Amino acid sequence: METMHYILLSNGLLVVVSLAFYALLRRETLFGINRAILWLGLATALLLPLAELPDWRPQPVRHMMQRTAQAIAPTLLAPPADITITYPNGQTFRSTLQPPTRSAWPWQQCLAGLYLAGVLVLLVRFGIRLWTLRRIIGQSVCEPYTDFTLARNETVTSPFSFFGWVVINPALYPPNVLEHILRHERVHSRGWHSLDTVAGELVCILFWFNPAAYLFRHLLHQTLEFTADQTVVAEGVDERVYQYNLVTVSLSASRSPLVTSFGQSALRQRICMINRPRSGPAVWGRYILWGLLVSAGILACRHRDQVQADTTGFTPNHPGKRLPATSPTRALVVELEARGSWYQHMALFDTRSGTKTIASDPLVVQIRQNKLSVASDFLYASALYINGKERPLDSLSQIAPESIGELFVMHQLEGQPDVDTQAKPYQILLQTATKPVRFTAQRNEFFALLQAAAISQHPRGESYMFTMNSLLEATFFHNKNALVERTADEHLKVYDEYKNDVDVYINNLPATVADVATIHVREIARLGTRERPYTSWFRPDQPERRFELHIKTAPKRAKRDSSYYVFSPFYTGDF
């Protein structure tokens, strides 16, 4: 979709640039400026679709662009059946969605193949022409001049220049005509006009299906010839004689798009431009109008809003640039972000530089038993939209991870002036793919995190610290963050569910779970627990244990009489 978006925009801008120049500037005599304007227009068509500009468009225009993109975006298509995916823990499962009744015609692949075939054919032709020019120059007798190298070749019927060479058969022309030809071709050589001709040919190769590319090349060649004619006449050559020589040479001229030739381009236009009065100051209005027309085409380019922190100093976890509304799901994302109170809490989407992921705590979406689901704490605070249409939350379990094109979880900030009180605070927006998505490293990591979130409340890791009194309180309320419980004889015991998944350290020395049972609760000076990040324990290759338990003891404390202790789990002091 990103590639198609760029192709449409760049070709549309090239049409605007070429047609605006043809209608407004092709008859103006400021040829040097015209040459620069043409290349500026081409750079605009090629580079602006890649840029992400500040969204200065009026709200009605933005709204129209978003709605248009949503209307033309593809509808829901399920992936083919019999597809399996393997997760980092080694488990595999098959897609639960049914394939469509009719397979879609792969029109995008066919168009891409047709385009590449056309480019390949034109590149081969381009290479043959370059080789032919090199052979002609190599077979010529070369004579160095001040601004160029004269290549005499008796097989050439029409004079031309290519970079620093001027190829001609001097025997075909009288001395006065030969002088005009050399003056003309010297201007081409000195101005490096061959760079323009080669670049114009490459434009036609890249955009061979766009008629505006051939119009651009034609306008560029005309401008170069007009420039050379104007320069020669300005050197004091008689205009009538020069025009007569143009007619004489053009009768036998053969044209090539890779070279600049004395007899090339439309003869009538060249003679008209030689006799045309020079453009006055009023012509600048046409250049301004050309710029306005090209600027109007930029309205279709991608835009972004500046991300601003709210009055509380909180900056949402936002990618920093507004996404183009190229699908129903992205259109909803853009629409929510435009309200100011919504931001991307979680996201999985593709950019030109690769797959981008955002995952903020808490993780609303999880993968439980190899199926997507919403975390139990957010079942009543979430709404689900698949391809722009609202669906029940249980529909999420029918979407296999390999069929997810893009996923966004939008969160609405509280306390904002424009908060929508009717909307649920979490909006899960999912765009399906028409075929199984190739799992990159970013996608593997993202879905592994969702799997780990179904196992742990803190998949990225968490640490806790307890003193003796806070540990008494934690064990009284069975707070499992302490990893230990209190036995009847006031000793510690690691919870059974953690025994095989914890590394124990007592006074900074490695210990075992059995060693913990020898410690009296009143011996505790400090007890620390740590849950390692999922990247350490949720992996098939030599995973680490999930938890760490660090105990620092104070043995003298246990020898005190128990009457010195206030047996209250709520007392947090240490006396």
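This report describes the overall make-up of a predicted protein model and the strand pairing within it.

## Overall composition

The protein chain contains 16 helices and 24 strands, and of its 575 residues 46% count as buried. About 29600 Å² of the protein chain is exposed, with carbon and sulfur atoms supplying 58% of that area.

Among the contacts in the protein chain with a separation of 6 or more, 68% are accounted for by residues that lie 24 or more positions apart.

## The five-stranded sheet

An open sheet with mixed pairing is formed by 5 strands, which follow the order E18-E23-E24-E21-E22. Strand E18 (462-466) and strand E22 (509-511) stand at the edges and have a single partner strand each, so that one side of each is left without a neighbour in the sheet. From one strand to the next, the twist averages 20°.

Within this order E23 is followed by E24, and the two strands, spanning residues 524-531 and residues 547-553 respectively, pair in the antiparallel sense over 7 bridges. In this pairing, Gly-528 has His-550 of E24 as its bridge partner.

## The E4-E5 hairpin

Strand E4 (residues 141-144) and strand E5 (residues 149-152) run antiparallel and are joined by 4 bridges, while the connection from E4 to E5 is a hairpin through 4 residues. The bridge partner of Val-141 in E5 is Arg-152.

As a general point on such elements, the side chains of a regular strand alternate between the two faces of the sheet.

Definitions and conventions: Residues are numbered from 1 along each chain as its sequence is written. This is a predicted model: local features need pLDDT of at least 70, side-chain atom pairs count only at pLDDT 80 or more; totals for chains, interfaces and linings use all residues. Side-chain values use heavy atoms; hydrogens and water are left out. Buried means under 20% relative accessible area, exposed over 50%, partly exposed in between (1.4 Å probe, protein chains only). Contact means heavy atoms within 4.5 Å. Accessible areas come from the Shrake-Rupley method with a 1.4 Å probe; for residues, only the protein chains shown count as cover. Two strands pair if DSSP finds at least two bridges between them. Axes are lines fitted to C-alpha atoms, for helices over the stretch in contact, and angles run from 0 to 180 degrees between N-to-C directions.
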